[in-house]
Amino acid sequence: RKMQEAAEHNMKMHPMWQGPLAVPGGDRQSPIDIVVRKSVFDSQLKPLVTDYDPQTCQQIWNNGYSFLVEYDDTSDKSTLKGGPLQDKFRLCQFHFHWGESNAWGSEHTLDRRLFPAELHLVHWNSDKYSLFEEAVMEDNGLAVIGVFLKVGKRHEGLQKLVDALPAIRHKDSVVEFTRFDPACLLPSNTDDYWTYHGSLTTPPLTESVTWIVMKQHIEVSHDQLAVFRSLLFTSAEEEVQKSMVNNFRVQQPLCGRTVRSSFT
Ligand SMILES: CC#CCNS(=O)(=O)c1cc(S(N)(=O)=O)ccc1C(=O)O
Ligand SMILES: [Zn+2]
């Protein structure tokens, strides 16, 4: 009930979350609940091939919904291919979604199970398009890897990112952030995943995403997640400061889509 109230509160409070509950006529919206026993094994699905160059990491900023770590995507230096994908995709940013408590926060769910947070690595199809802005409008334009976070042992690789967050507490703050290898945030097993065709979970909610949701989660410590919650939705000038928490969209109807699995 508390999660529902938190999500409803967000609908009211933040323009972003007041965005359409579902895009009118949208029949492939995200996130969704992944009903594990209804996912269909597809032996044609290949292992993911990520090739990330930490030198392409540029900055970290608070965009008023989440914090984004942005990469130089002007050449094919940090790429994703394989898995369900026919083309090569360029990493442009990664970000997270989380709750005010460890009881909820993820966007996707597994058999309705909520996780405290979810990582999204956003890539665009550089074989077919020359800019992110073009790709984001096309149905094979984007590929987003989703990784569930659980609270447990401290994630050593994440700490460099956590240490940068106090500098971007307020909306629209940005700091230089370099030499961060996003591969350190992937689980050890990236061969097992679910994949389905969906959308961005934030405006413009365009139905251009091939979602690749990892079966294996990563662990972060309670204290690391608490620093996420110290961020603010609001800019420094605003008199009322609002904690950046519960920045997730509620699950959307499957509308007959099939979720495929790369594993049995
Ligand atoms: C035009 C346009 C756009 C959306 N940008 S994004 O794809 O990087 C993105 C994607 C997602 S998600 N949750 O769909 O991966 C969330 C947030 C963002 C963002 O810019 O803030
Ligand atoms: Zn996201």
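Where does ligand 1 sit? Ligand 1 sits in the largest pocket. Here a pocket is an open set of points on a 1 Å grid over the protein atoms alone, where a 1.4 Å probe fits, with protein on both sides within 12 Å along at least five of seven lines; a molecule sits in one if more than half of its atoms lie within 2 Å of its grid points.

A word on the model before we step inside. It is predicted, so local features need pLDDT of at least 70 and side-chain atom pairs count only at pLDDT 80 or more, while totals for chains, interfaces and linings use all residues. Residues are numbered from 1 along each chain as its sequence is written, ligands are numbered from 1 in the order in which they are written, and side-chain values use heavy atoms, with hydrogens and water left out.

Now let's look around the ligand. It is surrounded by 14 residues, each with a heavy atom within 4 Å of it; the closest are N63, Q93, H97, L200 and T201. By class, this shell has 6 nonpolar, 7 polar and 1 charged residues, where Ala, Val, Leu, Ile, Met, Phe, Trp, Tyr, Cys and Pro count as nonpolar, Asp, Glu, Lys and Arg as charged, and the others, Gly among them, as polar.

Three side chains make polar contacts (N or O atoms within 3.5 Å) with the ligand. The side chain of N63 has an N or O atom 3.0 Å from a ligand oxygen. For H95, the distance from a side-chain N or O atom to a ligand nitrogen is 3.3 Å, and H97 likewise places one 3.3 Å from a ligand nitrogen. Taken alone, ligand 1 exposes 500 Å², and the protein buries 82% of that (Shrake-Rupley method, 1.4 Å probe).

Strand 7 (89-98) and strand 9 (117-125) are the elements that give two or more residues to the shell, and the largest share, 3 residues, comes from strand 7. Strands are DSSP runs of E with at least two residues, and helices are runs of H or I with at least four, numbered from the N terminus.

Away from the ligand, the structure holds 5 salt bridges, each a side-chain nitrogen of Lys or Arg within 4 Å of a carboxyl oxygen of Asp or Glu. One of them joins R112 and D33 at 3.8 Å, N to O. R112 lies in the loop between strand 8 (109-110) and strand 9 and D33 in strand 1 (residues 33-34), so this pair ties together parts 79 residues apart in sequence.

The backbone has its own details. D111, in that loop between strands 8 and 9, has a positive phi near 50° although it is not glycine. A cis peptide bond joins S30 and P31, with omega about 0°.

Conventions: A polar contact is a pair of N or O atoms within 3.5 Å; within protein, one must be able to donate a hydrogen and the other to accept it, and residues adjacent in sequence count only if both atoms are side-chain atoms. On a 1 Å grid over the protein atoms alone, a cavity is a set of points where a 1.4 Å probe fits but cannot get out, and a pocket is an open set with protein on both sides within 12 Å along at least five of seven lines; lining residues have an atom within 4 Å of a point.
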